[in-house]
Amino acid sequence: MNNGKGLSLVALCCSGFSVSAAAQSIDIGYLKQQNPKLYQQLMQIERCRTQAKLPECQAATATSHSTAAAPVAETAAAAETAPPPGKWWFASSYYGGQPKQQWWHVAQLSADLELMDGNVEGEQYDLSANYFSRYAAWTNLLSLIYQKDDVKQSGIVALDTKKYAFNYGGRYDFNQTWYGQLGYIAQQDTSQLLDLQQVLYAGAGAHLVNNQHVTLSTMLAGGYQDDKFVRSQTVLTGVSSLDYAVTYAVQELTWKLSDRINLNQSLSWVYSLDDMPEFAPSLAGEAVNPACLYSFSATASYCVVNEENKSTLQLMLGLEYQISAAISLLYNYSYEKDSLPWLNVKDSDTSNSLSIRATFQ
């Protein structure tokens with residue numbers, strides 16, 4: 001074999017020279033006889049050089065382009081697996097397309113200072129932790145709250161008031177608008193005379209507005225509530241606990257006013273489907289109170305003078321300022337009105353709170 005011809009062949013394969021440009025260095029007939037496969041490849045290169053519109057040449061070009069576009073495809077795939085921007089746990093899992101078969105998580109830790117007026121007056125310090133997760137059409141909320149206060153109730157310094165709360169809610173989105181939800185709430189609030197309150201509920205709701213700037217949702221639910229009272233309430237009324245059916249109406253709004261500022265608003269209304277007792281002193285002077293209908297205990301100091309449905313309305317308005325991707329500052333105003341408060345509890349409460357929140361996702 002002519003070594004010079006061999007070297008010229010290597011130069012052709014590795015440098016991309018055309019067949020015509022190197023024809024003087026290659027014995028085409030010899031190559032066709034000794035290496036037919038390589039001969040065919042060289043002829044194909046020459047044809048594509050002069051006739052780029054041939055189908056086989058376009059296929060080769062497409063293969064080259066797809067190889068070059070691989071990093072772009074990988075970037076798109078990574079974007080597909082990332083959670084939606086913003087507070088995705090408030091939005092429908094159908095926002096932006098079909099629900100994804102993958103887990104998304106976010107955790108929030110908050111420290112609050114509340115100034116309270118109404119049933120209790122003074123300062124209250126809150127620590128809370130929220131955890132949100134989503135898989136496919138299911139979105140879950142888990143919340144824990146602990147409060148410590150320095151307050152007065154009925155003008156008396158209250159050193160032993162306690163409050164904690166546990167809340168779980170599971171939401172299933174049927175489509176971009178409609179969803180079902182179930183949940184469980186447990187709390188202790190001795191300022192409301194509650195040693196333990198437990199609520200089980202289930203309902204249906206709608207995402208009325210669902211975009212990158214505004215989420216607005218409503219829900220109607222029915223449930224079962226059990227209230228266990230602190231010992232002082234039991235001694236006075238003879239009632240240790242009450243259980244009753246309730247219905248809920250809830251509305252929630254999150255509005256992104258700018259890149260850093262959000263408006264948060266919620267309104268809830270709870271209504272007892274069963275009549276609840278209203279208490280008054282058993283004695284009017286030294287005589288039995290004529291308004292008494294019945295007593296829960298012969299030794300109770302208070303009797304039942306009326307029975308009616310109980311409703312509680314709660315409004316919250318807040319502004320959130322995003323200091324960074326993970327840290328935000330919040331101001332919240334809350335107002336609560338109770339149509340039938342428990343014994344020695346005022347019928348309304350207001351609070352103003354300032355919070356700092358850390359978000360991890």
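**Exercise 1. Into which exposure class does Tyr 331 fall, and with what relative accessible area?**

Solution. Tyr 331 is partly exposed, because its relative accessible area of 37% falls between the limits for buried (under 20%) and exposed (over 50%), which are computed with a 1.4 Å probe and protein chains only. This is a predicted model, in which local features need pLDDT of at least 70 and side-chain atom pairs count only at pLDDT 80 or more, while totals for chains, interfaces and linings use all residues. Residues are numbered from 1 along each chain as its sequence is written, and side-chain values use heavy atoms, with hydrogens and water left out.

The next step is to place the residue: Tyr 331 belongs to strand 16, where strands (E, at least two residues) and helices (H or I, at least four) are DSSP runs numbered from the N terminus.

**Exercise 2. Which residues form the nonpolar patch on the surface, and which elements give two or more residues to the patch?**

Solution. A patch is built from residues with over 30% relative accessible area and no salt bridge, like charges being joined within 9 Å and nonpolar side chains (Val, Leu, Ile, Met, Phe, Trp, Tyr) within 5 Å. The members of the nonpolar patch are Trp 255, Leu 257, Ile 261, Leu 319, Tyr 321, Ile 323, Leu 329, Tyr 331, Leu 354 and Ile 356, and together they have about 900 Å² of accessible area. Two or more of the patch residues come from each of strand 15, strand 16 (327-338) and strand 17 (348-360). The areas come from the Shrake-Rupley method with a 1.4 Å probe, and for residues only the protein chains shown count as cover.

**Exercise 3. What is the volume of the largest pocket, and how is its lining made up?**

Solution. On a 1 Å grid over the protein atoms alone, a pocket is an open set of points with protein on both sides within 12 Å along at least five of seven lines, whereas a cavity is a set where a 1.4 Å probe fits but cannot get out; lining residues have an atom within 4 Å of a point. Grid points are joined across faces, edges and corners, and a volume is the space filled by probe spheres set on the points.

- The volume of the largest pocket is about 590 Å³.
- Its lining holds 29 residues, and those nearest the centre are Pro 85, Gly 86, Lys 87, Trp 88 and Lys 256.
- Strand 8 (214-229), strand 9 (241-256) and strand 15 (311-322) are the elements that give two or more residues to this lining, and the largest share, three residues, comes from strand 9.
- By class, the lining has eleven nonpolar, twelve polar and six charged residues, where Ala, Val, Leu, Ile, Met, Phe, Trp, Tyr, Cys and Pro count as nonpolar, Asp, Glu, Lys and Arg as charged, and the others, Gly among them, as polar.

**Exercise 4. How many cavities of 30 Å³ or more are there, and which residues line the second largest cavity?**

Solution. The count comes to two cavities of 30 Å³ or more. The second largest cavity, with a volume of about 30 Å³, is lined by Ser 93, Pro 99, Lys 100, Gln 102, Trp 104, Arg 134 and Ala 136. Three of these lining residues are nonpolar, two are polar and two are charged.

**Exercise 5. How many salt bridges does the whole structure hold, and are Glu 320 and Lys 87 buried or exposed?**

Solution. With a salt bridge taken as a side-chain nitrogen of Lys or Arg within 4 Å of a carboxyl oxygen of Asp or Glu, the search finds six.

One of them joins the side chains of Glu 320 and Lys 87, at 2.5 Å from N to O. This pair links distant parts of the chain, 233 residues apart, with Glu 320 in strand 15 and Lys 87 in the loop between helix 5 (70-81) and strand 1 (103-118). Glu 320 is buried because its relative accessibility is 4%, and Lys 87 is also buried, with a relative accessible area of 18%.

Another joins Asp 347 to Lys 337, with the closest N and O atoms 2.8 Å apart. Asp 347 lies in the loop between strand 16 and strand 17, and Lys 337 lies in strand 16, ten residues apart. Here Asp 347 is partly exposed at 32%, as is Lys 337 at 34%.

**Exercise 6. How far apart in sequence and in space are Tyr 224 and Ser 272?**

Solution. Tyr 224, which lies in strand 8, is partly exposed with a relative accessible area of 43%. Tyr 224 and Ser 272 are 48 residues apart in sequence, and their C-alpha atoms are 9.4 Å apart in space.
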